[in-house]
Amino acid sequence: MKKRFVSCFSLIFIVSCYAMGQDEMTYQLPPAEIVELVDAPTTPSMDISPRNNVILLMENPSLPLIEDLAGKELRLGGIRFDPRTNGPSRGWHRTGMSLMDIDGSNLREVNGLPEDPRIRNTSWSPDGQKVAFTHTADEGIELWVLDVATAHAAALTGPVINDILGNAYNWLSDSKTLVYSAIPEDRGPAPTPPLVAGGPILQESIGRRAAVRTFQDLLSDPYDEAIFDHYTTAQLYKTDLNGNEEKIWEPAVIWSFNVSPDGNYIRVTTLQKPYSYIVPYTRFAQRYELIDVEGNPVRTIATIPVVEEMPQGFGATREGPRSISWRNDASATILWVEALDGGDPAVEAEYRDQVFFMEAPFEGEPVAGFRTNYRFSWINWGTSEFALVSEFWRPTRMAKMSAFHPGDPAAGLTLIRERSVEDRYGDPGNLQSTVNEYGRSVLMFDESGQHLYLIGQGASPEGNRPFIDQYDFVTGETTRLWRSEAPFYERPVRIIDPDSQLAITRRESVEQHPNFFLRDLRQDALTQITGFPEPFPQLRELHKEMIHYERADGIPLSGELFLPPSHDPETDDPLPTILWAYPREFLTTDGAGQVTGSPYTYTRLGPTSIVMLATQGYAILNNASFPIVAEDGGEPNDTFVEQLVANGEAAISTLVEMGITDPERVGVSGHSYGAFMTANLLTHSDIFSAGVARSGAYNRTLTPFGFQLEERTYWQAPEIYNTMSPFMHADKMETPMLLIHGSDDNNAGTYPMQSERYYDALRGHGATVRLVMLPHESHGYRALESVLHMHWEWLEWFDKYVKKKE
């Protein structure tokens, strides 16, 4: 194992069963087997060139240290960013790059990279000869370009890139020019906070409904607004590959920008005042403008006011133009979508949305195009005569795909398919794309121009079996070209030549770790193109199988069972067992009972995986099915608690019957909504010996305008909110409960206060409970010290209350 320093940064936690008040301790280490798994070497990521002839391999970093998370961070407008670099404060990055040919030959390291590279935002040039990326240096973010032919990388700018709102640069179609977002030259120092408030902070609502979900990190006063403006303001520059730059847009709060396929125009979206203190920046007032590539104004598409009011429901949207984008198969045609029902899903309407088009030079009125019965989702562009539009209706979980004629967009739609997204077995897969002369994504056709290609997960009763299909859009017939076969799990990554039927796949099995292969579908030939080392050889000793069982009401369930090395259920005593799960809502029992996962995958673990505890003598039922199904025309959450308990009882009884589990020694754990599940199971049943809940929400009155897939508000369904809230039933808790939470959690609804107040309620009623707050951690835990300490807490708690060690 790579040895890394684990700091002694202090950690505060609260332990009610041993002492009142607080104890201070340093980070602890779990057993060596878990430390080695957490800090195991990472596997490179792959990015295939648009011309399908070169592969870019990117090295992934190990977990950061706590000191990396402890730097200054600003939290404004619903985002978190690093004021030192003008970029995201918690973004992942790559640490190295190499290139190889598509067949795995000619592997070469990229030279010229900076020392300690922190690579983000990689993007191939349209011609596939260059790769642009950003490097986050100590003093800011730089734009770099890699020349594929020489494998040499060089900086194109200094540390001037403004990547706070996530739109650093665009390639032009000539593959020689980039447009980037930069810090204004004359920005100056950040505003200083006032020593004395100039007056009260006011918010006012006069008879208008403004029900919004629970957001975090919002603006709260004029100083916040000034700081937000200071750091998010940017200006656009154009540069060639020699660094000859030209300013093309004056400073503004630029949310996003996108160059037209022909490289002659830019769509720029800017944020406008007044800002809001109750919604994030994505719902601030916006102006959509078109400029030419020299920066000259062409047309204002729309100005949208701040969106603090929106109809209730997941099918709701705002009025006015939205989803403004370029038509990928044309030189310069802009399009957008507008709601026909006022954005209100409660309004009965034959058509929900309409798409509008406007061609360069963007004069006159837009062309009214096709209308959709459901909410518009996206378009798969193809040719001037054929494209596909997808639409979705959340209340019924129904999705449609239809064909239309881009040259005559008002001609209407021809339905291709309509299906429930809950039906994973019937999922036809995702249409495959290639790049056109503009470097834009368009549908992949074969040489005849009649066939399209789909790659699918291949969900089935025996588990996922990925596939490649050919679809004849003239006859509507589908032909299966290939399907993953046991004992392997092989997932197509990209079709690189539809006529020769060559594809890149990722192949693995229980005994064979993942690598990439070149598969010839016609010859059924396979060539390995990467030789990544095995990341977790020690996990080969674990027993893994997918088990299938039924809930008392007949709904099929499944889960991944892991057993400790050398355990034999036939001869050995039953094991202490831990269930890990995440509840999911369904409208139908058919969708709820479908199998997920595959029995043939290699055991690759994330750093926070519960499966690591199998090395310490526990049986683990990982990703156990916990469906919550609507009954008798009602909503799934109408019987949430009852179904949770039924799911848990089904899993435990099955494991006991198999001789795996000691029913008196069963624990349960989950993260986020899984933590909410854990607290409810411990509160409303006696089938578990202990539980560990990570980063959950336990009082649903603190998310009163909906949560997860619950659309009803607290005032519409108070009994549902109260019944589902473990906080409201803290007096019933009789099972030991460990609460873990990141002290800087930014996830909507899971404020750190949720765990803190729940702990107070449990402690006040004499429950056995422990609260661990992880400094500097957000909703998911990242620092090496935090993750290792989390495993230590997990193990200590389960050893004491599930294994029942003295």
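Strands here are DSSP runs of at least two residues, numbered from the N terminus. With that in hand, welcome to this predicted model; the tour starts at a loop late in the chain.

**Stop one: Pro487.** Select Pro487, and you land in the loop between strand 35 (478-483) and strand 36 (488-497). Now add Ala486: the peptide bond that joins Ala486 and Pro487 is cis, with omega about 10°.

**Stop two: Pro274.** Next, go to the loop between strand 19 (265-272) and strand 20 (285-292), where Pro274 sits. Select Lys273 along with Pro274 to see another cis peptide bond, with an omega of about 5°. Why pause at such bonds? Because most peptide bonds are trans.

**Stop three: Ser175.** Select Ser175 in the loop between strand 14 (169-171) and strand 15 (177-182). Look at the backbone here: phi is about 60°, a positive value, although Ser175 is not a glycine. Is Ser175 buried or exposed? Its relative accessibility is 4%, so Ser175 counts as buried, the cut-off for buried being under 20%.

**Stop four: Asp116.** Now move to Asp116, in the loop between strand 9 (108-109) and strand 10 (119-124). Asp116 also has a positive phi, near 55°, in a residue other than glycine. Most residues other than glycine have a negative phi. Asp116 has a relative accessible area of 55%, so it is exposed, the cut-off for exposed being over 50%.

**Last stop: the charged patch.** Keep Asp116 selected and add Glu115, Asp138 and Glu139: together these residues form a negative surface patch. Try showing the surface of Glu115, Asp116, Asp138 and Glu139 to view that patch.

How values were computed. Residues numbered from 1 in each chain as written. Predicted model: local features only at pLDDT ≥ 70, side-chain atom pairs only at ≥ 80, totals over all residues. Heavy atoms only, no water. Patch = residues over 30% accessible without salt bridge, like charges linked within 9 Å, V, L, I, M, F, W, Y side chains within 5 Å. Areas by Shrake-Rupley, 256 points an atom, 1.4 Å probe, with all protein chains shown as cover. Salt bridge = Lys/Arg side-chain N within 4 Å of Asp/Glu carboxyl O. Lys, Arg positive; Asp, Glu negative; His and termini not counted. Charge placed at Lys NZ, Arg CZ, Asp CG, Glu CD. Helix = DSSP H or I, 4+ residues; strand = E, 2+ residues; numbered from the N terminus. Buried < 20%, exposed > 50% of the residue type's maximum accessible area, 1.4 Å probe, protein only.
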